[in-house]
Amino acid sequence: MKIAIIGTGYVGLPTGAGLAELGNEVVCVDKISEKIERLNNGELTLYEDGLEELFRKNVREGRLRFTLDMGSAVRGADVVMIAVGTPPHPQTKEADLQYIYAAAEELAGYLDGYTVVATKSTVPVGTGDEVEAIIKKRNPAADVDVISLPEFLREGFAIHDFFNPDRIVIGANSEKAKGVMLKLYAPFEGKTHFLAVNRKSSETIKYASNAFLAMKIHYINEMADFCEKSGADINEVAQGLGLDSRIGRKFLCPGPGYGGSCFPKDTNAMAQMGIKYGTHLKLIETTIAENDARKKKMAQRVVNAVDKTAKIAVWGLAFKGGTDDVRESPALQIVEEMANYSSNITVYDPKAVDNAKKILGSSVSYANDAYQAAENADILVILTEWDDFKKADLAKLKSKMRLHQIMDLRNILNEAEAKALGFAYSCVGK
Ligand code: UGA
């Protein structure tokens with residue numbers, strides 16, 4: 001099939017490469033000429049595990065192209081996917097739909113023959129109606145169906161998730177459009193669940209899923225607080241909870257709160273939608289407030305453990321392991337908060353230092369490796385769940401530090417080993 005993808009970000013690029021690998025002819029469009037130039041020069045504009053290989057292969061074999069020219073991508077396409085950003089509005093926290101609407105307006109002029117326009121970006125319930133109205137107004141003769149095709153890829157695992165989806169949700173109000181999507185995703189038949197629902201249900205499924213996962217993380221963090229007071233151990237509690245298949249083991253890792261470009265944005269947007277429809281989503285509102293407060297509490301916990309002149313070493317700045325992304329990163333927010341109390345903080349992250357520098361500037365010092373960050377430190381604080389940190393050489397770490405204190409806010413180190421080496425070790429939920 002001929003596919004046009006509008007937007008070459010964390011959703012558009014992996015989806016484009018994945019669909020090309022399935023044998024489709026894919027053209028990705030973006031407005032930023034520097035991005036398209038780099039992609040056309042064979043240079044990836046973002047890091048995703050496994051993307052580089054797919055990108056090179058499919059470009060080489062002629063199934064994946066990049067252009068600034070919307071017309072050449074959309075004309076003759078069977079499916080046009082909108083994968084542009086929906087950032088939170090700074091004041092209202094609602095999803096800002098200006099890029100979606102601009103894309104709809106522009107693509108409408110180039111539609112020829114029957115086309116399915118699929119919204120992949122996370123958009124508030126009812127956006128499909130708006131997109132349809134914009135396209136019909138601009139091009140009344142267009143033979144088009146607008147559908148919702150929510151994306152469930154995780155950053156850092158986008159290629160893995162593309163080829164191993166838990167489900168493919170198709171929000172189409174037309175049988176013809178549904179047929180096109182089933183054909184496009186036919187290679188996944190028998191390997192995943194297909195769920196065809198109405199467009200608004202599909203738009204809701206995306207928000208309801210992210211909000212549920214955010215609540216699950218908040219829940220385990222709340223249980224961790226409870227365990228700290230009651231004498232239980234959150235790691236054991238999470239294990240016991242997760243073994244109930246109705247609850248499930250995933251997303252029960254306690255920590256400093258969730259972050260990233262999706263959960264904070266989508267929970268806020270969902271709460272706003274609840275207000276708009278006059279049905280307050282109190283669980284989600286509580287989750288947002290508690291998750292925000294948690295980062296301050298965690299910073300306070302560190303500051304309380306040391307005196308004002310102590311050197312604080314920090315491992316981890318990215319919002320989770322496996323990415324260089326620091327958007328809404330709890331780690332970064334905790335470091336910013338700690339920097340209000342201490343001018344002696346040294347940070348390290350395997351991938352996110354460059355991005356973090358743009359925000360933290362000279363308020364902290366930057367180390368080139370984990371052990372260098374810990375040199376002469378009075379406390380080490382772990383804020384991101386990087387595999388490298390899980391495998392840290394604790395004896396070497398001890399030899400570098402001045403005082404042997406670890407605050408592991410991701411519960412990733414081996415507590416027994418750390419204590420046996422003489423560290424004063426603390427984590428969350430114990
Ligand atoms: C999330 C969803 O997991 C994807 O399914 C969805 O497609 C994506 O948002 C999106 O809407 O685009 P992502 O933001 O990449 O994916 O990150 P997650 O792996 O879900 O982690 C989010 C945050 O929760 C991170 O800060 C992570 O450290 C934290 N987390 C996760 C925990 O604190 N505990 C856990 O048990 C799991």
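1. A disulfide here is a pair of cysteine sulfur atoms within 2.5 Å. By that test, a search of the whole structure returns 0 disulfides. Bear in mind that this is a predicted model.

2. Why does Cys253 form no bond? The closest cysteine sulfur, in Cys427, is 13 Å from the sulfur of Cys253, so the pair is too far apart. The cut-off for a disulfide is 2.5 Å.

3. The cysteines vary in cover. Cys253 has 61% relative accessibility, so it counts as exposed. The line for exposed is over 50%. Cys262 has 35% relative accessibility and therefore counts as partly exposed. Cys227 has a relative accessible area of 2%, so it is buried. Buried means under 20%.

4. Cys227 sits in helix α9. Its C-alpha atom is separated by 5.8 Å from that of Lys430. Along the chain, Cys227 and Lys430 are 203 residues apart.

5. Now the ligand. There are 20 residues around it. Which come nearest? They are Leu153, Glu155, Lys206, Asn210 and Phe319. By class, the shell around the ligand holds 10 nonpolar, 8 charged and 2 polar residues.

6. Three polar pairs deserve a check, each involving an oxygen atom of the ligand. Leu153 places a backbone N or O atom 2.6 Å from a ligand oxygen. With Asn210, the partner is an N or O atom of the side chain, at 2.8 Å from an oxygen atom of the ligand. With Gly259, a polar backbone atom lies 3.0 Å from an oxygen atom of the ligand. How much of the ligand does the protein bury? Taken alone, the ligand exposes 720 Å², and the protein buries 92% of that.

7. Two helices each supply at least two residues of the shell: α9 (199–230) and α11 (263–276). Of the shell around the ligand, α9 gives the most, with 3 residues. Helix α9 is also the place of Cys227.

8. Helix α11 passes a length check. At 1.5 Å a residue, its 14 residues should span 20 Å, and its end C-alpha atoms are 20 Å apart, so the two values agree.

9. Is α11 mostly covered or mostly open? Mostly covered: 11 of its 14 residues are buried. Among them are Phe263, Pro264, Lys265 and Asp266. Thr267, Asn268, Ala269, Met270 and Ala271 are buried too. Met273 and Gly274 are also buried.

Conventions
Residues numbered from 1 in each chain as written. Predicted model: local features only at pLDDT ≥ 70, side-chain atom pairs only at ≥ 80, totals over all residues. Heavy atoms only, no water. Near = heavy atom within 4 Å. Polar contact = N/O pair within 3.5 Å; in protein donor to acceptor, adjacent residues only side chain to side chain. Areas by Shrake-Rupley, 256 points an atom, 1.4 Å probe, with all protein chains shown as cover. Helix = DSSP H or I, 4+ residues; strand = E, 2+ residues; numbered from the N terminus. Nonpolar A, V, L, I, M, F, W, Y, C, P; charged D, E, K, R; others polar. Buried < 20%, exposed > 50% of the residue type's maximum accessible area, 1.4 Å probe, protein only. Expected span 1.5 Å × (residues − 1).
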